[in-house]
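Visitor: Hello! I am new to this structure and would love a close look at a single part of it. Could you take me through the metal site and what lies around it?

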Amino acid sequence: MPQNPYILKSLFDANKAWVDNVTDTDSAYFERLAKQQSPEYLWIGCSDSRVPANQITGLAPGEVFVHRNIANVVVHSDLNVLSVIQFAIEFIKVKHIMVVGHYGCSGVKASMDHQRLGLSDNWIRHVRDVGQKHAKYLDSLPSEHERHDKLCELNVIEQVVHVCQTSSVQEAWDRNQPLTVHGWAYGLKDGIARDLGISVTNPREMRSRYQAVIEKRYTVAD
Ligand code: ZN
């Protein structure tokens, strides 16, 4: 008996059903999509399987360029994310970059615990640095749960600043290319994406927006 050529058959079956479904209503769909992509958005999110960019935003294939890693971290020495940002800005000419964190992020949780995970400890170290930067505020919160939620938000806000500081974003702004960087937090429990109030459209805004949001929401009252 010949072996089925497809390993993971259920996934290939689902793929075929999806193709049939799409082409039933629009026979030229894939032909058109294959010719070009011109998404307006670059999504930088967490690798978590529960946070899929397209479904959350209702965007179809071709409408959002996506980069994901553990805990949606943007590091200035990470050639991968820097290349995605540069390509998205210079060639795709996206108009918006959103850094999307999510509540309940295990990468963020791992940064709060002192458990050793292995190689990924080095990556998560970046989130731990965010926690240390905002330790006074986070330590003032009454529960572990709230500290976790707020560190998820603060991690997004710090990564928004990192995106703004990249040479690709700075150069885009220098040549007046329209580009806004946003920070969102997504709720696993309700499916809602929330804007964290740190949308930046030019280099002059970056520091003031950051300071305003930190002072308003993440500062201990004396
Ligand atoms: Zn996560």
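Guide: Here is a walk through the metal site, followed by a residue that touches one of its donors. Please keep in mind that this is a predicted model.

Let us start with the metal. The zinc ion is held by three named donors: the SG atom of C46, the NE2 atom of H102 and the SG atom of C105. Their distances to the zinc ion run from 2.0 to 2.3 Å. If you follow the chain, these donors are spaced as C-x55-H-x2-C. As for their surroundings, H102 and C105 are both buried.

Now turn to D48, which is in contact with the donor H102 and also with R68, when neighbours within four places in sequence are left aside. You will find D48 in the loop that links β1 (41-46) with α3 (53-57). The donor C46 carries the number at which β1 ends, since that strand is given as 41-46.

Is D48 buried or exposed? D48 has a relative accessibility of 12%. Buried means under 20%, so D48 counts as buried. Its side chain also has a polar partner: the side chains of D48 and R50 make a polar contact at 2.7 Å.

To put the picture together, the zinc ion has C46, H102 and C105 as its donors, while D48 touches H102 and pairs through its side chain with R50.

How values were computed:
Residues numbered from 1 in each chain as written. Predicted model: local features only at pLDDT ≥ 70, side-chain atom pairs only at ≥ 80, totals over all residues. Heavy atoms only, no water. Donors = N, O, S within 2.8 Å, 3.2 Å for Na, K, Ca; no water. Buried < 20%, exposed > 50% of the residue type's maximum accessible area, 1.4 Å probe, protein only. Helix = DSSP H or I, 4+ residues; strand = E, 2+ residues; numbered from the N terminus. Polar contact = N/O pair within 3.5 Å; in protein donor to acceptor, adjacent residues only side chain to side chain. Contact = heavy atoms within 4.5 Å.
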